[in-house]
Amino acid sequence: LMFVAFQKAMIGLAVLTLVITVLVIVSGKILLRSQYFSNIVSKKITTELKGKLNLEVEFQNLDISLYPLALKITAPQIAYKNLNGNFAVKAGELLLDFGIIDLIKSKFLIHSIVLMNGNVIIDGFEEIFKVEDSKPEVDSKKYWELFDMVMGFDKNSPLNLSKLELENISIEHRNHYSFKGSTKLYRTKQSFYSFIKLRDIKITDAHHKTKIIDRLVLEGVLYKKLIDLKVLELASNENSIKASGITELKNSMPSLNLNLIFNGNINDLLKEIPELPKELVATYGKGSIDVKVNGKLKELSIQFSSELNQFHLPYIALDSVSVKGTYSNQHIKLQRLVAKKAKGTATLISEAKIETNNGSMQLEDASIELESFFLPDTFYYVKELQAIKGMLDGVIDVSFINNELRFRTNKQVKLSDFKLQFKPGETPLFRNAQLKADNMDIRVTVPGGEVILIGDVSFEDSRISLAGKIEKGIVDFNKIQGFI
């Protein structure tokens with residue numbers, strides 16, 4: 001009987017507890033949805049944001065949910081002004097999530113912000129972000145101060161964000177930049193995750209030139225000593241750049257392991273790289289460039305490959321170019337080079353080594369096999385040799401050492417449909433269906449253009465040995481001997 005009585009008492013206690021819990025929840029919901037409580041929370045929000053962040057806040061309606069404790073603010077308008085500038089926010093909806101314990105303690109710490117369907121207008125704040133001479137400059141100290149305030153790392157901030165989401169938002173910094181899109185930022189004690197998707201990006205520099213980026217996608221995770229870049233994609237017109245990889249921040253010198261892919265017109269890419277030689281900036285070509293970067297920042301190892309069509313340099317135009325190589329310790333190793341022009345092909349048949357140091361470049365012997373390659377295209381840099389025309393078949397060795405560009409033939413090469421013609425349209429001084437060249441050695445001084453030529457030419461039971469130079473259009477051979 002005592003056991004039965006105890007059971008009944010426990011059941012009664014459980015029912016009573018349930019009833020009280022339901023009454024508390026119902027009462028809580030009624031209280032939370034009451035105009036009285038809404039007024040308290042509204043006053044708390046406006047007071048805290050005005051006092052600590054100097055934000056003026058207005059809204060049309062405020063709805064409160066109990067679990068999780070959150071505010072749904074309809075048609076919010078937020079304004080901020082100080083001596084450096086001001087910004088204004090108008091949105092369709094603003095969701096705020098905060099802890100009930102914080103509210104009981106008379107604190108107001110916002111843990112989550114979701115802003116939807118709105119726009120942000122910014123004026124001023126030139127010292128935080130400015131675009132000058134096409135080069136963005138960021139005052140990192142002021143930027144991180146603002147970042148800490150927004151994300152709640154600043155102890156004086158009423159924010160302690162674990163989530164910040166901007167959905168379908170347009171942002172405009174007058175006379176500088178504008179864009180539309182969405183942003184998601186999530187923070188834990190160990191990491192910081194971001195996903196950004198923007199479109200219609202416009203950036204105006206100090207000279208009032210506007211650059212347009214159609215699309216930007218960024219996804220990554222920031223840890224204490226590591227950045228995990230899932231994807232970074234930029235797209236504009238027919239051009240796109242994609243990047244992904246890991247950056248380690250364990251030591252003072254970052255360590256990179258990144259992949260980059262460019263697709264589009266190479267000239268659009270080169271124009272964005274400062275202080276490039278004019279010859280390179282004038283380079284055109286459409287296709288892809290694939291780059292892999294590995295190692296510490298000052299000791300990078302780079303692997304690259306490229307497939308380009310309609311490739312144009314100031315002195316040569318090619319139908320296509322295929323390149324593959326590596327860069328490390330100021331040394332470039334070309335493992336593949338195939339250039340095509342009309343029916344002609346130039347192929348690298350042995351690895352070429354290029355040394356770069358303090359802006360200078362040296363190329364060791366690179367053996368290139370030519371098949372039906374038009375002669376002016378072969379020696380495109382040597383303007384003094386543009387008068388020599390024909391199709392070249394054979395192997396030539398190319399080097400560039402101490403400002404001397406050198407072409408050599410260790411084996412016999414063939415010149416088909418050969419012409420010596422100094423001016424277009426005039427009668428060639430000499431022409432032959434086929435010549436053979438032995439032991440040719442052509443040296444060109446760069447800059448200057450003086451050409452020194454030594455070698456043997458043979459055709460139809462004839463052979464001539466030549467030695468001399470060509471400079472400023474004047475041919476001066478001190479040796480012409482042989483038999484015809």
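1. A residue is called buried when its relative accessible area is under 20%, exposed when over 50%, and partly exposed in between (1.4 Å probe, protein chains only). Leu 222 counts as partly exposed because its relative accessibility is 35%. You will find Leu 222 in strand β12 (residues 210–223); strands are DSSP runs of E, at least two residues, numbered from the N terminus.

2. A word on the source: this is a predicted model, where local features need pLDDT of at least 70, side-chain atom pairs count only at pLDDT 80 or more, and totals for chains, interfaces and linings use all residues. Residues are numbered from 1 along each chain as its sequence is written, and side-chain values use heavy atoms, with hydrogens and water left out.

3. Now look inside. The largest nonpolar core (buried Ala, Val, Leu, Ile, Met, Phe, Trp, Tyr and Cys residues joined through side-chain atoms within 4.5 Å) has 46 residues. Among those with the most contacts inside this core are Leu 318, Leu 363, Ile 368 and Leu 415. A second, separate core has 30 residues, including Ile 78, Tyr 80, Leu 161 and Phe 179.

4. Which residues does Ile 368 touch, not counting those up to four places away in sequence? Its partners (heavy atoms within 4.5 Å) include Ala 346, Leu 348, Ile 349, Val 395 and Val 398.

5. Next, some backbone angles to check. Most residues other than glycine have a negative phi. Ala 342, however, has a positive phi of about 55°; this residue sits in the loop between β19 (331–341) and β20 (344–348). Ala 342 counts as exposed because its relative accessibility is 65%. Asn 439 also has a positive phi, about 50°, and lies in strand β26 (residues 430–445).

How values were computed. Helices (H or I, at least four residues) and strands (E, at least two) are DSSP runs, numbered from the N terminus.
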